[in-house]
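Let's take a friendly walk through this model, from its core out to its loops. Have the sequence and the 3D view open as you read.

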Amino acid sequence: MAETLPYSWLVGFVCFVLGFLLLQLYKLVWRADSRGYRLPPGSTGWPLIGETISFFRGINSTDQPRRYIQERERRYGEIFRSNLFGRSRIVVSVDPEFNKHVLQHEGRQFQANYPKPLRNLIGKFGLLSVHGDLQKKLHGTAVNLLRFERLSVDFMEDIQNLLHITLAKWQAKRDIHLQEECHQLVLNLMAKQLLDLSPSKETEEICEAFGHFSDALLSVPIRIPGTAYARGFKAREFLIKKIYEGIEDRRKHPQAVHNDLLTKLLKEDSLSEEVIADFILFLLFAGHETSSRSMSFAIKFLTGCPRALEELKAEHDALLKRKGNQKNQKLNWDDYQSMKFTQCVINETLRLGNFGPGVFREAKEDIKTKGGFMIPRGWTVYVFLTGTHLDNKYHSSALTFDPWRWQQHLQDQELSKNPSFMPFGGGARLCPGMHLAKLELALFLHNFVTKFRWEALQHDKISYFPFPRLIKGLPIRLHLRERLDD
Ligand code: HEM
């Protein structure tokens with residue numbers, strides 16, 4: 001022991017010196033990177049991992065998801081420098097006006113810049129991988145396919161048919177994990193809308209592959225056999241193959257009627273099959289997890305706020321009564337537009353749920369910010385939408401579910417001008433699926449609250465890590481409402 005002590009001291013000392021030198025070197029490189037600019041204030045955290053762990057630990061805290069932001073905001077302000085997600089040259093912004101500016105200047109001062117592992121999976125033509133003219137063209141195609149007026153014709157019927165079938169299955173099961181069930185429901189919806197696939201063995205296989213694909217997007221990006229990331233690439237190959245089969249089938253049998261987005265895309269002669277395949281896969285990805293989470297979160301929030309649930313039920317019961325109170329009565333576009341309180345519930349669910357937590361941009365030129373700081377060209381700006389949506393400064397009692405706060409601001413145009421509420425992003429990449437997502441959620445809520453009463457089987461909590469989810473998956477027991485006043 002007496003002999004080993006000096007040796008272990010020596011090893012400890014060498015490690016300490018090496019660690020210290022590495023830290024200094026890292027700081028030097030980091031500073032040199034700034035090219036002498038007056039950078040926004042902030043801190044680098046640990047070498048390599050930077051502040052990533054503090055960031056995730058912060059947003060994972062159920063009662064204080066803004067903790068990481070709050071601490072930095074107090075020290076540095078709403079725009080600060082950090083070292084996150086393996087990026088040492090990153091600025092985080094929770095400043096609503098600056099966020100709006102960043103989003104509105106896409107393609108000019110800024111450009112989408114998502115992590116490479118994600119871009120590899122969504123493919124080189126996945127919308128978040130493309131820039132410039134191709135992005136404009138594909139974005140325009142998506143907007144056109146999913147625009148407001150088209151939804152009433154192309155989507156309402158399918159969504160309601162699938163909801164009626166699915167809710168009948170839930171009724172038979174009685175005890176369900178709502179998050180998982182909504183996941184499956186939206187996958188079936190997307191399979192129908194994109195590829196005209198009805199629930200079947202093939203759809204199940206597609207759904208399973210898509211599950212692996214989504215998991216890979218959230219996994220550690222190490223591509224060796226057996227890892228979630230590697231499984232994601234296999235799933236991608238399978239899904240792309242299925243889309244190609246769909247394309248071939250439509251080309252071989254042009255007389256067959258398919259009311260889906262793939263058929264509509266094939267009519268746009270200027271898009272190659274490779275682009276179409278990545279485009280469809282990206283829509284599946286972008287429209288799935290976000291929409292399905294919004295459904296289970298809405299039910300979670302309503303369960304915890306009986307007054308809001310009563311008001312929502314009253315709106316939908318009245319609607320059903322106006323329509324003659326028939327079972328599985330289909331709603332039309334006017335019915336949808338008449339759901340005023342439902343729109344408040346949807347906005348509040350989007351604000352608290354943060355299904356698109358933030359967006360990545362790269363500065364294409366040096367950008368001046370408040371206080372005379374400079375974000376150098378090539379740096380990443382992380383527009384952290386969650387940080388603004390949960391900020392008491394912009395939304396009083398921000399962690400409380402309060403749908404009534406939206407009653408004054410229902411007009412969409414007024415909402416779209418509000419930079420402290422941007423659940424669908426903004427500017428040239430404003431989510432083209434926003435109207436579809438809201439329609440799906442409204443129709444889901446209508447069917448769910450008019451058909452069921454329910455009780456939570458366990459207390460559940462929200463985690464925003466790595467993406468918003470309910471930790472226990474929202475286990476509930478369903479009871480059929482025999483009559484509307486039930
Ligand atoms: C609650 C539901 C949804 C939320 C919160 C949401 C959120 C977002 C956000 C924040 C962006 C901007 C990304 C950026 O600027 O970098 C985006 C983009 C996009 N979303 Fe959604 N989304 C939802 C549903 C959908 C649906 C249902 C679809 C389509 C089926 C869809 C398709 C897209 C596409 C294609 C883009 C890329 C646009 C581009 O880069 O040009 N989204 N979404």
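A nonpolar core here is a set of buried Ala, Val, Leu, Ile, Met, Phe, Trp, Tyr and Cys residues joined through side-chain atoms within 4.5 Å. Buried means under 20% relative accessible area, exposed over 50%, and partly exposed in between, with a 1.4 Å probe and protein chains only. The model is predicted, so local features need pLDDT of at least 70 and side-chain atom pairs count only at pLDDT 80 or more, while totals for chains, interfaces and linings use all residues. Residues are numbered from 1 along each chain as its sequence is written, and side-chain values use heavy atoms, with hydrogens and water left out.

**The core**

The largest nonpolar core has 137 residues, and those with the most contacts inside it are Trp170, Leu178, Ile299, Leu302, Phe444, Leu445 and Phe448. Helix α13 (residues 273–303) gives the most to this core, with 15 residues. Helices (H or I, at least four residues) and strands (E, at least two) are DSSP runs, numbered from the N terminus.

Leaving aside neighbours within four places in sequence, the contacts of Leu178 include Trp170, Ile299, Phe448 and Leu474; contact means heavy atoms within 4.5 Å.

**Helix pairs**

Two packed helices are described by the angle between their axes and the distance between the axes. Axes are lines fitted to C-alpha atoms, for helices over the stretch in contact, and angles run from 0 to 180 degrees between N-to-C directions.

Helix α9 (residues 178–195) packs with α13 at an angle of about 145 degrees, the axes being 8 Å apart. The axes of α10 (residues 201–217) and α11 (residues 228–252) come within 7 Å and cross at roughly 140 degrees.

Residues of α10 that take part in the contact with α11 include Phe210 and Phe213, and among those of α11 are Tyr229 and Phe238.

**Loop residues**

Val220 lies in the loop between α10 and α11 and is exposed, with a relative accessible area of 59%. In sequence Val220 is 103 residues from Pro117, yet their C-alpha atoms are 9.0 Å apart in space.

Which residues have a positive phi although they are not glycines? Asn354 and Leu474 do.

| Residue | Phi | Loop | Relative accessibility |
|---|---|---|---|
| Asn354 | about 50 degrees | between α16 (340–353) and β5 (359–363) | 2%, buried |
| Leu474 | about 55 degrees | between β11 (469–470) and β12 (475–480) | 3%, buried |

Leu474 also brings us back to the core, being one of the contacts of Leu178.
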